[in-house]
Amino acid sequence: MTMTDAPEAGTPPRGKRRIGDTVFAGLARGSGILILVILAGVAAFLVIQAWPSLRANTANFFLETGWDPNVRENPSFGVAALAFGTVLAAAIALLLATPVAIGISLFIVFYAPRRLAAVLGYLVDLLAAIPSVVYGLWGIGFLAPQLVPVYSAAARHLGWIPLFAGPASTSARTILTAGIVLAVMVLPIITAMSRDVFHQVPQGHREAALAMGATRWEMIRLAVLPFGRSGIVGGAMLGLGRALGETMAVAMILSPSLAISWNLLQSGNQTIAAHIALQYPEATGYGVSALIAAGLVLFAITLVVNMGARYIVARGSKESR
Amino acid sequence: MSTTTQPPATERELRRGSLHRHFPAALLAACAAVVAGILLAFSSFGLVVWGLLTAASYAIVVVAVSAGVEGGRKAKDRLVTTLVYGCFVLAMLPLVSVLWTVLGYGLDRFDGYFLSVSMNGVLPSMDAGGVYHAIVGTLAITGMATLISVPIGVMTAVYLVEYARGRMKKTIMFFVDVMTGIPSIVAGLFVVALWMILFGPGVTNGAAGAISLSVLMIPVVVRSSEEMLRLVPQDLREASYALGVPKWRTITKVVLPTSAAGLTTGIMLAIARVIGETAPLILTAGTSAVAINWNLFDGQMMSLPVFIYAQVRMGGAVNYERAWAAALTLIIVVMLLFFLARMIGRLFAPKAR
């Protein structure tokens, strides 16, 4: 408050308090606080509404695979199978998307002609603009039928690997198809993050590598990838968060049943988000409350993943400064 | 291509030959032609197989030739270059495929009739009906979500850029990031839970949908607005303060107008993001509305994305036709928003620097 200190940039000299200033500052601060309130509200209301079914549940919520809460008393339900399916689908998506995303961002930043780079990056962003329900429609109406022969071939030749054990689904509405579509959906997220860090690689590091006679790949391996590691990991985790919570594409593609199955070519898995969307219209009794409890689990998982991602990205950008 | 002078052996290591600048392009064309020829000879030409085989044969030949002429390091570099180009092409496949199939299947039913009638009185399997009620619902719900999100989002951005300091600023920025990651279905469940407490179980209406969309939209608006406000030069603010203008007038008369184009772009991109949201609307606005409903506070409300989902769930051939046509409508809306946003951002951006 002392006037001898040079005021911080952006702060007008303190004179008399004006009503307008007070009101406007209050509104701005109120909006900021409102966001915290909303977020706390999301957590609080979910807990409040999930509590009745969780208390009445006769099975272990975390170990039970069945889902039978649509009754007036003694509901029995659990998220074990759903949580497994959610993680499996997201893991497939991430395994497929991350290497491709790194390739795309290397292409846009280091390989593509300068003048084209912006346009090509914009094309990748368009992937993020397509609504998830359209991806779902594309997945079930176009992609799945195309994959049927591929899956049966995979079951024939790779059937000795437990993941690809036959007989393959005749509709291809399996967790692998869902994972492929999810991979397409998280691709632009991971690409955007790794593109950002690749752009930040100091010009000096790159030129030093090239001046030593490194080829372009050696320059990338020595200067770019070590620098960009945190951005890639952070981007992949943000993509993971998106894949875990994605509803529509999975709900439309999978033909669900509540099993814990490692088999990628047979239907049998289901994810939390898709389960909520499919079950909600038919929920009675403790049903809605039980679905809210499942949503709470999803919320918690994505919260942890996203916070971890932000932490890694923030730490990485601090180190690089 | 081959060196004309014969350098001493020690120097030869450093001056190995290199492939001609246009060699990769020529080789790629040659591979494509040869593979196409072989496939046609066996009369089993398929676009996907052709693409895969061309890419594979190109990669093998270019690495082998490069290893012979240029040495191992260059060969590895060529391999990575091929892979990186391949990744980009691979990513474009789903984009082209989605747009192509939606256009191909969607155009069958996409006409003035489809856009101007609702599903009221139309049985699911009848060869009639359209999406007018869904367009109305999408406009109303997204409009209300925008009206809620924009003031809150922009004011929060103003707070973060112009007022907040220290721990409060860090906390809000962190939780805005966290909010960006809320799964859309959880946003829907939040409103379901809230509505159960406020109005009792089973109440679905457009307003509930709008609020769940706001939960998803607010953090997007905050992040983009924040970025835009930070771009406003500090000199402008200081010039205004020097004239004795109060801080809040400086913000409303100098900072916000300067960044107006950027703010608009960000808001339109946020709208484009939530206009395709389906999951929260299934929970909050219902899936079975068939009639035109402009009232956000009374009864179920259909929207374009939910319409697609509901038709797919019915599963008949006509239903799929309607779903594809509605998907085409939705993609056109989203792409229009996307392009308009970029245009506004480019045309009206402040000319500084």
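**Chains A and B: a first look**

Q: How many helices and strands are there in chain A?
A: In this predicted model, chain A contains 10 helices and 2 strands.

Q: And in what order do the elements of chain A run from the N terminus on?
A: The order is α-β-β-α-α-α-α-α-α-α-α-α. The two strands thus follow one another after an opening helix, and helices make up the rest of the series.

Q: What radius of gyration does chain A have, set against a compact globule of 321 residues?
A: Chain A has 25 Å, whereas a compact globule of 321 residues would have a value near 20 Å.

Q: What box do its C-alpha atoms fill, then?
A: Along the principal axes, the C-alpha atoms of chain A fill a box of roughly 75 × 60 × 30 Å.

Q: What share of chain A is buried?
A: Buried residues account for 50% of the 321 residues in chain A.

Q: Moving on, how many residues does each chain bring to the contact?
A: Chain B contributes 76 residues and chain A contributes 70 residues.

Q: Which helix of chain B gives the most to that side?
A: Helix H4 of chain B, residues 72-106, gives the most, with 20 residues on the side that touches chain A.

Q: How does that side of chain B divide into nonpolar, polar and charged residues?
A: There are 58 nonpolar, 10 polar and 8 charged residues on the side of chain B that touches chain A.

Q: What does UniProt list for residues 135-341 of chain B?
A: An unreviewed UniProt entry lists them as "domain: ABC transmembrane type-1". In the model, this stretch of chain B is 79% helix and 0% strand, and its end C-alpha atoms are 21 Å apart.

Key:
Residues numbered from 1 in each chain as written. Chains lettered and ligands numbered in written order. Predicted model: local features only at pLDDT ≥ 70, side-chain atom pairs only at ≥ 80, totals over all residues. Helix = DSSP H or I, 4+ residues; strand = E, 2+ residues; numbered from the N terminus. Rg over C-alpha atoms; globule rule 2.2 N^0.38 Å. Buried ≥ 20, exposed ≤ 12 C-beta atoms within 10 Å, placed from the backbone. Contact = placed C-beta atoms within 7 Å. Nonpolar A, V, L, I, M, F, W, Y, C, P; charged D, E, K, R; others polar. UniProt positions renumbered as here; feature names shortened; annotations may be inferred.
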